[in-house]
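Let's take a walk through this fold together. Please open the structure in your viewer and keep the sequence at hand.

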Amino acid sequence: MTTSPTQAANPEQLASHFDVLIVGAGISGIGGAYHLKTQLPASSFVVLEAQESFGGTWTTHKYPGIRSDSDLHTFGYRFKPWVGPPIATAAEILAYMDEVIEDNDLGSHIRYGHRIVRADWSSSDNLWSIEAEKVATGELVRFTANFLWMCQGYYRHEKGYTPEWLGMSDFRGRIVHPQTWPEDLDYTGKRMIVIGSGATAATLVPNVAQDVEHVTMLQRSPTYFIPGRNAIEIAEQLRALKVDEAWIHEITRRQILKTQDDFTRRSREEPEAVKAELLAAVKMFLGEDYDIETHFTPKYRPWRQRIAFIPDGDLFKGIASGKASVVTDEIERFTETGILLKSGKTLEADIIVTATGFDLSPLGDIDFHIDGKPLVFSDTVTYRGMMFTGVPNMAWVFGYFRASWTLRVDIMADFIVRLLTHMKTIGATRVEVAVPPKLKDMELSTWIDPEDFNPGYIMRGMHLMPRRGELRDWQHTQDYWNEKDEFPKIDLDGEEFIYDAAKVPA
Ligand SMILES: Cc1cc2nc3c(=O)[nH]c(=O)nc-3n(C[C@H](O)[C@H](O)[C@H](O)COP(=O)(O)OP(=O)(O)OC[C@H]3O[C@@H](n4cnc5c(N)ncnc54)[C@H](O)[C@@H]3O)c2cc1C
């Protein structure tokens, strides 16, 4: 063990102190651990993870076909080349993460089966006290830490979001949420309805189509998709030239990011042209006679919700084969044998899958207190979607919606490492962000602008999230392309950073 635990006063409860405590061993927490270990090798740190293994999203989701919806060159870390096809299965992502843990000896820093239940900040000690429950035994263990690196994700893993529909208890078949897919679910030869049209539904439908009698994707309204070959041409070409994988990773990342940047900008500047291109791609798979207007033409402009990539058009191939179909309608009620729609039509089913999204959980369901007072997270203002007013020595890794989440894992790690180094240099044990007095009249609004991005789980949980200011510094901009250049230039002696030590002379 490379960490430096100290003994607690109470011998019955082993208390351990670490410079940094990372919450969660998903792609964010493992990335954070890598950067701490490589960039700040002298620091002691621990990763506490509620599950019995690493991976977060990629271990808890077990529905058929579970895979990424963005490419792994950018969903992978910048420091470890991705050598497979761009869209990867959960198993492939876990194998990649496993290599990161093994290659960097991160395993000894991770404590699995530890669910953090409470975090207390004390301004007299400038320390966090953390209470974690050992999931297997219920035993409580305590830790102290100087800094909390929050990598707990953004949604509740135990249970997904399922709306309450009339008559659900009347249905005689099985109702399943993809987040808690039962191991014993046998859908061979069964009739299945998948409610929803996001990335999860789009993954599930083609992956069960072979085995079920029929699968219907039931959506209230259509979603945009990008079908395409599950390959990146430039990566293939460079590989054929036997170019080093580290170079291929870097070049491919740059090309993907440039393409995504152009796409995001065009979605704003010429949404009609982008829409036409997306629909033309769907038409190529489904043919001229298919009713694309009803089933695949959303009412919103492209990029207001995340757009899933459909590898090799598998969803559309499933539909074209007749084993899968799409119904665009609203649910009136569940019946004993299926679903009655508002149009009056009925859909018969043995299994109904509610691919209806997440339950937002901003701070990992941890009971936070600052100097004895409960933290009301929604009263805080975010500093660049990383830190929060009134919450000292803490940063939360919340990735991108329109680009791969992990891009932010890497650039936030650089920022946190720089901040911790700066604190050490100036002899500070506490840092907090505060809106400077000159901005005291800055207008505050919701975490994100629903006009810009409005997925259901964010809209349902917006009241739980910190507030956003009018100025860029006080927003989670979702803008990787500028943040990658802005973060390294953040002036840590700027007036928004309040330390307990005098600023160091140059
Ligand atoms: C099916 C699916 C597909 C996705 N595909 C993509 C994609 O292709 N590209 C993309 O960019 N994004 C994708 N996302 C979003 C995805 O969740 C993130 O990109 C990323 O995996 C989040 O990683 P994370 O480590 O921040 O959080 P998580 O993966 O949620 O991991 C958080 C970890 O923290 C642990 N934890 C939480 N609270 C506590 C606590 N109190 N105590 C101890 N441990 C705790 C959890 O157990 C979990 O292991 C997808 C999401 C889903 C559900």
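The tour goes from the domains to the ligand, then to a helix pair and finally to two sheets.

Before we start, please keep in mind that this is a predicted model. The domain assignment splits the chain into two parts: domain 1 is made of 11–157 together with 361–503, and domain 2 covers 168–354. Taken over C-alpha atoms, the centres of domain 1 and domain 2 are separated by 30 Å. Where the two domains touch, domain 1 brings 26 residues to the contact and domain 2 brings 29 residues. On the side of domain 1 that touches domain 2, you will find 14 nonpolar, seven polar and five charged residues.

Now turn to the ligand. Its shell counts 33 residues, and the closest of them are Gly24, Gly26, Gly56, Gly153 and Gly364. Sorted by class, this shell holds 17 polar residues, 12 nonpolar ones and four charged ones. Which elements supply at least two residues of the shell around the ligand? They are helix H1, residues 27–39, and strand E4, residues 114–122. Of the contributors, H1 gives the most, with three residues.

Stay with helix H1 for a moment, as it also has a helical partner. H1 packs against helix H11, residues 406–426, at an angle of about 35°, and their axes are 9 Å apart. The crossing of H1 past H11 is right-handed. From H1, the residues in this contact are Ile27, Ser28, Gly31, Gly32, His35 and Gln39. Facing them from H11 are Thr406, Val409, Asp410, Ala413 and Val417. By class, the contact of H1 with H11 has six polar, four nonpolar and one charged residues.

Next comes a sheet of five strands. This open sheet follows the order E7-E16-E8-E9-E12, and its pairing is parallel. Why do E7 and E12 each have one side without a neighbour in the sheet? Strand E7 (174–176) and strand E12 (324–328) stand at the edges with a single partner strand each, so one side of each is left without a neighbour. From one strand to the next, the twist averages 20°.

For a look at one pairing in this sheet, pick E9, residues 214–219, and E12. These strands pair in the parallel sense over five bridges, and Thr216 stands opposite Ser325 in E12. Helix H5, residues 199–209, lies across strand E8 (191–195), E9, E12 and strand E16 (351–354). Relative to E9, H5 runs at about 165°.

The last stop is an open sheet of three strands, ordered E13-E14-E15, and here the pairing is antiparallel. E13 and strand E15 (346–348) are its edge strands, each pairing on one side only. Neighbouring strands of this sheet are turned by 20° against each other on average, direction ignored.

How do the strands of this sheet connect? Strand E13, residues 331–334, and strand E14, residues 338–341, pair in the antiparallel sense over three bridges. E13 and E14 form a hairpin, with three residues between them. To find the pairing on screen, look for Phe334, which stands opposite Ile339 in E14. On to the next pair: E14 and E15 run antiparallel and are joined by three bridges. Here, Gly338 stands opposite Glu348 in E15.

Conventions:
Residues numbered from 1 in each chain as written. Predicted model: local features only at pLDDT ≥ 70, side-chain atom pairs only at ≥ 80, totals over all residues. Pairing = 2+ DSSP bridges. Helix = DSSP H or I, 4+ residues; strand = E, 2+ residues; numbered from the N terminus. Axes fitted to C-alpha atoms, helices over the stretch in contact; angles between N-to-C directions. Contact = placed C-beta atoms within 7 Å. Near = placed C-beta within 6 Å. Nonpolar A, V, L, I, M, F, W, Y, C, P; charged D, E, K, R; others polar. Domains from an automatic or database assignment. Left-handed = near helix turned anticlockwise from the far one by under 90°.
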